[in-house]
Amino acid sequence: QVIRESAEMWIERFHWWGQYQREIDFAEKIFASLEDLHLDPRRDAAILGNITALYVRSKVLTQGFDPQLAVLLEERLAALPALEKCDRRQTLARARLLISQGFLTTRGGRFAEAAQYYASAQTALTLLGEYRDELSMLLNNTAHVHARQGQFGLALPLINRAQKINETLGLLPGKGLTFSTLASINLLRGYFITAIKWATQAKDVFNQVRDPWGQILALQTMASAKRKQAKQALFQDLELDEALQKVVEARAELEEAIALAQNHGFENQLWSLYGDLGKVYRETARLAEKGWGSGAPNELYRASEQCLNEALFRIQAERAKNKRRLAADEAEIEVDLAELLYYFERSRTKAVEKLAATRAMLEQEFSFAPDYLIKRKGEAINYLIPMGKVERLLGQIRFAEDGPEGLRHLYRAFAYFHLFSENAAEKQSIYEILYREMVDIPPEERQRLIAGLQEYVAQNYALFEPTGFVEAIQTLLG
């Protein structure tokens, strides 16, 4: 018994100390030596449940989504009694296993499923009363998956409760996680200044507690918010000096995050970091074309292309190993590469071809027929933003050549963003594109475009209404 409990204790220590590879190696030795350690899967279900739960989280952090880990978690849960029959140690094991299931499915892009696991875990932890540090972490994770589904109203009360726990217990790592979650939520909502504020506070905390994973997330959120501010400034052709400073800072933050990921074994995060760095180089190149900054636009565009292709290579390598099953992440990178074709190579044809291929890839995984989307909105959540981005760029490209077709693309983009969340930040970009493209069109032609769109929507997308899209055009343009 002493040996069994000692093994569990060391797994916990390695995990909370952030020594994930030592934890993984030790756990795998335990799993390979159950008989030698006199560990019985039924009798010692609580011990093995706790070990497995923490092991899976460390595997996901360092190596990403793996469906085989879900099988292992299910086996350990099946060995435990039903919650109402669990003793305290078994209840803790059940809670931790459910948290790990939520964490795993989050990394796999299945946010609605993750929210269900987290809700069950919260029930178990609440029964225990203690382990409030783990409850704080769980509340942050749950808020994150709600935000990723556009459910911002559900996320904020959970964050508030986590903050109260952190303040009551003086949990510095918990504060860092809550600040980081607040930063990511505000980034999703398009509140970039607030996102940067929270991410900066998160980074300060994670620096104090020497948490490289937390540092990576904070740096990435800061960089993403600053890059989006710069892109906004480029679109509006305003405050380009500030935009240049933003991309310089974002590049430095992402390079620091990449170094941390490489040095601490978080290889799975690199595709996302390289993707963000590619976008930063792209905005830097566009600024250089306007005379801002010292870099050569061609070199910066090539650096952008290189980073985006590196991100795409890493995503596709995961797909080849059957560790990710969603095309959504790959689609986002493909849209960014299409933007490069459009802005750098000035090739509308190549950009449209890439976007068409990206749309086909998404449609292969999920049907975008309006009735199916409405019925299966929970499953659609993962695909709405990337498909909206495909349609948005197609709308920008097509509008000058064919106003009605461009407007239809922009409507679909708006509808997908609206289905994701009525508060989706991406909706604002559609307003800005519409105003720029239509403000100088003669009123009669503008009315013909709007009337044509209304007819198209009534015939094809009546189930999506009301989105407020037509009303937005009329309010903006009169």
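**View A. D237, in the turn from one helix to the next.** In this predicted model, D237 is partly exposed, with a relative accessible area of 46%. You'll find D237 in the loop between α11 and α12. What is the phi of D237? It sits near 55 degrees, a positive value in a residue other than glycine. For background, most residues other than glycine have a negative phi.

**View B. R210, just past the end of α10.** Here's another non-glycine residue with a positive phi, again near 55 degrees. R210 comes just after α10, in the loop between α10 and α11. Is R210 buried or exposed? Its relative accessible area is 73%, over the 50% cut-off, so R210 counts as exposed.

**View C. Helix α10 and its buried residues.** Helix α10 runs over residues 192–209. At 1.5 Å a residue, its 18 residues should span 26 Å, and the end C-alpha atoms are indeed 26 Å apart, so the two agree. Which residues of α10 are buried? They are F192, A195, I196, W198, A199, A202, K203, V205 and F206. Take a moment over K203, a lysine that made the buried list. As a reminder, an α-helix has 3.6 residues a turn, so residues three or four places apart point the same way. And what do the buried residues of α10 pack against? Their partners are α8 (152–169), α9, α11 (212–236) and α12 (240–263).

**View D. α7 alongside α9.** Helix α7 covers residues 132–148 and helix α9 covers residues 172–189. The two pack at an angle of about 5 degrees, with their axes 10 Å apart. Angles under 35 degrees count as roughly parallel, and α7 and α9 are therefore roughly parallel to each other. On the α7 side, the contact is made by S136, M137, N140, A143, H144, A147 and R148. Facing them from α9 are G174, L177, T178, T181, S184, I185 and L188. Sorted by class, this contact of α7 with α9 has 6 nonpolar, 7 polar and 1 charged residues.

**View E. S224, tucked into α11.** S224 lies in helix α11. With a relative accessible area of 12%, S224 is buried. Set aside its neighbours within four places in sequence, and what does S224 touch? S224 is in contact with L187 and D276.

**View F. Two nonpolar cores.** The largest nonpolar core has 160 residues. Which of them have the most contacts inside it? Those are L373, L407, M438, L453, F469 and I473. There is also a second, separate core of 5 residues, including L187, A195, I196 and A225. Some of these names have come up already: L187 is a contact of S224, while A195 and I196 are among the buried residues of α10.

**View G. M9 and E12 on helix α1.** Both M9 and E12 lie in helix α1, which covers residues 2–16. M9 is partly exposed, with a relative accessible area of 31%, and E12 also counts as partly exposed, at 22%. How far apart in space are M9 and N50? Their C-alpha atoms are 9.7 Å apart, with their positions 41 residues apart in sequence. E12, leaving aside its neighbours within four places in sequence, is in contact with L54 and R96. For a sense of scale, the C-alpha atoms of E12 and L449 are separated by 63 Å, and the two residues are 437 residues apart along the chain.

How values were computed: Residues are numbered from 1 along each chain as its sequence is written. This is a predicted model: local features need pLDDT of at least 70, side-chain atom pairs count only at pLDDT 80 or more; totals for chains, interfaces and linings use all residues. Side-chain values use heavy atoms; hydrogens and water are left out. Axes are lines fitted to C-alpha atoms, for helices over the stretch in contact, and angles run from 0 to 180 degrees between N-to-C directions. Helices (H or I, at least four residues) and strands (E, at least two) are DSSP runs, numbered from the N terminus. Angles under 35 degrees count as roughly parallel, over 145 as roughly antiparallel, 65 to 115 as roughly perpendicular and the rest as oblique. Contact means heavy atoms within 4.5 Å. Ala, Val, Leu, Ile, Met, Phe, Trp, Tyr, Cys and Pro count as nonpolar, Asp, Glu, Lys and Arg as charged, and the others, Gly among them, as polar. A nonpolar core is a set of buried Ala, Val, Leu, Ile, Met, Phe, Trp, Tyr and Cys residues joined through side-chain atoms within 4.5 Å. Buried means under 20% relative accessible area, exposed over 50%, partly exposed in between (1.4 Å probe, protein chains only). The expected span of a helix is 1.5 Å times one less than its number of residues.
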